[in-house]
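Here is a small set of exercises to work through with the coordinates open beside you. Try each task on your own before reading its solution.

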Amino acid sequence: MQALDLLLNRSSYNKLICPAPEGEQLTQILKAGMRAPDHGNLSPWQFIVFKDKGLNDLGEIYAEAAEQDALSADKIEKAKNMPSRAPLVIAVIAKVQAEHKIPEIEQVIAAGCCVQAMQMAAVAQGFQGIWRTGAYAYHPHVKKQFKLAEQDLIVGYLYLGTAENEAPIKPEKDLSAHLQYW
Ligand SMILES: Cc1cc2nc3c(=O)[nH]c(=O)nc-3n(C[C@H](O)[C@H](O)[C@H](O)COP(=O)(O)O)c2cc1C
């Protein structure tokens, strides 16, 4: 796939089935994440790959978080099943260095760039994916289970797999409404 085609037709896809990227394909995806632009060369990110039993474990963590929030049994069950919406999930964490000369927002943006790069590397290899956050990207119980520091942020869960059906290309957005030349 041509790089420009990939960028110009980029879209997300959420009906994800097996096979998931694995082996060298997964390594390429993770390496693309490592290429994110990085002010100060801090590499302010961490990736956690969940597959197989790992997805169940992540679901248990979500369910515990939902229980702590006293959600209904239905919602707890829903939380438990969330990670199983794809055969592979990569949590991307901004490992933020507080009071560093590189502003925290730049460290978080760098981690966000990892997600985008990894999603595109997956699509370039014939997979599909979607970047998700939701309540369990911000929940203290999840952060605790991931052993994150107070200032760290889960910038996203990248759900990856194979498209169940052919992924549609969405219409282009209106560039002119978002553009100025000076
Ligand atoms: C930081 C971030 C968090 C997101 N969280 C969610 C989410 O929790 N659930 C969801 O359905 N989409 C979420 N999205 C949006 C999808 O990734 C996707 O961009 C959206 O469905 C639009 O589709 P498109 O990428 O094909 O334009 C998030 C996007 C970003 C950048």
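The exercises below concern a predicted model, and each comes with a worked solution.

**Exercise 1. The ligand shell**

Task: List the residues around the ligand and sort them by class.

Solution. Start by selecting residues with a heavy atom within 4 Å of the ligand. The selection returns Arg 10, Ser 11, Ser 12, Ile 130, Trp 131, Arg 132, Thr 133, Gly 134 and Lys 170. Next, sort this shell by class: 2 of its residues are nonpolar, 4 are polar and 3 are charged.

**Exercise 2. Polar contacts and cover**

Task: Find how far ligand oxygen atoms lie from polar atoms of Arg 10, Ser 12 and Thr 133, then work out how much of the ligand's accessible area the protein covers.

Solution. The cut-off to apply is 3.5 Å between N or O atoms.
- Step one: a side-chain N or O atom of Arg 10 sits 2.6 Å from a ligand oxygen.
- Step two: for Ser 12, a polar atom of the side chain is 2.5 Å from an oxygen atom of the ligand.
- Step three: Thr 133 takes part through its backbone, where a polar atom is 2.9 Å from a ligand oxygen.
- Step four: on its own the ligand has 610 Å² of accessible area, and the protein covers 56% of that.

**Exercise 3. The annotated domain**

Task: Look up the span that UniProt annotates as a domain and describe its secondary structure.

Solution. The UniProt record, an unreviewed entry, places "domain: Nitroreductase" at residues 22-161. Within residues 22-161, helix makes up 46% and strand 20%. Finally, check the two ends of this span: their C-alpha atoms are 10 Å apart.

**Exercise 4. The largest nonpolar core**

Task: Identify the best-connected members of the largest nonpolar core and the elements that supply it.

Solution. The core has 25 residues, and those touching the most other members are Val 142, Phe 146, Ile 154 and Tyr 157. Now trace the core back to secondary structure: α3 (53-68), α4 (73-81), β3 (88-94) and β5 (153-163) each contribute at least two residues. Of these, α3 gives the largest share, with 7 residues.

**Exercise 5. Buried or exposed?**

Task: Decide whether Ala 122 and Ile 90 are buried or exposed, and locate each one.

Solution. The threshold for buried is under 20% relative accessible area. Ala 122 belongs to helix α5 (residues 104-124); its relative accessibility is 0%, so Ala 122 is buried. Its C-alpha atom is 8.3 Å from that of Gln 28, although 94 residues separate the two along the chain. Turn next to Ile 90, which is part of strand β3. Ile 90 is buried as well, because its relative accessibility is 0%. The C-alpha atoms of Ile 90 and Ala 20 are 12 Å apart, with a chain separation of 70 residues.

**Exercise 6. Backbone exceptions**

Task: Examine the peptide bond from Cys 18 to Pro 19 and the phi angles of Ser 43 and Glu 99.

Solution. Recall the background first: most residues other than glycine have a negative phi, and most peptide bonds are trans. The bond from Cys 18 to Pro 19 is cis, with omega near 0°, and Pro 19 is in the loop between β1 (16-17) and α2 (23-34). Ser 43 has a positive phi of about 45° and sits in the loop between α2 and β2 (45-51). With a relative accessible area of 32%, Ser 43 is partly exposed. For Glu 99, phi is positive too, near 55°. Glu 99 lies in the loop between β3 and α5 and counts as exposed because its relative accessible area is 83%.

Technical notes
Residues are numbered from 1 along each chain as its sequence is written. This is a predicted model: local features need pLDDT of at least 70, side-chain atom pairs count only at pLDDT 80 or more; totals for chains, interfaces and linings use all residues. Side-chain values use heavy atoms; hydrogens and water are left out. A polar contact is a pair of N or O atoms within 3.5 Å; within protein, one must be able to donate a hydrogen and the other to accept it, and residues adjacent in sequence count only if both atoms are side-chain atoms. Accessible areas come from the Shrake-Rupley method with a 1.4 Å probe; for residues, only the protein chains shown count as cover. Ala, Val, Leu, Ile, Met, Phe, Trp, Tyr, Cys and Pro count as nonpolar, Asp, Glu, Lys and Arg as charged, and the others, Gly among them, as polar. UniProt positions are given in the numbering used here, feature names are shortened, and annotations may be inferred rather than shown by experiment. Helices (H or I, at least four residues) and strands (E, at least two) are DSSP runs, numbered from the N terminus. A nonpolar core is a set of buried Ala, Val, Leu, Ile, Met, Phe, Trp, Tyr and Cys residues joined through side-chain atoms within 4.5 Å. Buried means under 20% relative accessible area, exposed over 50%, partly exposed in between (1.4 Å probe, protein chains only).
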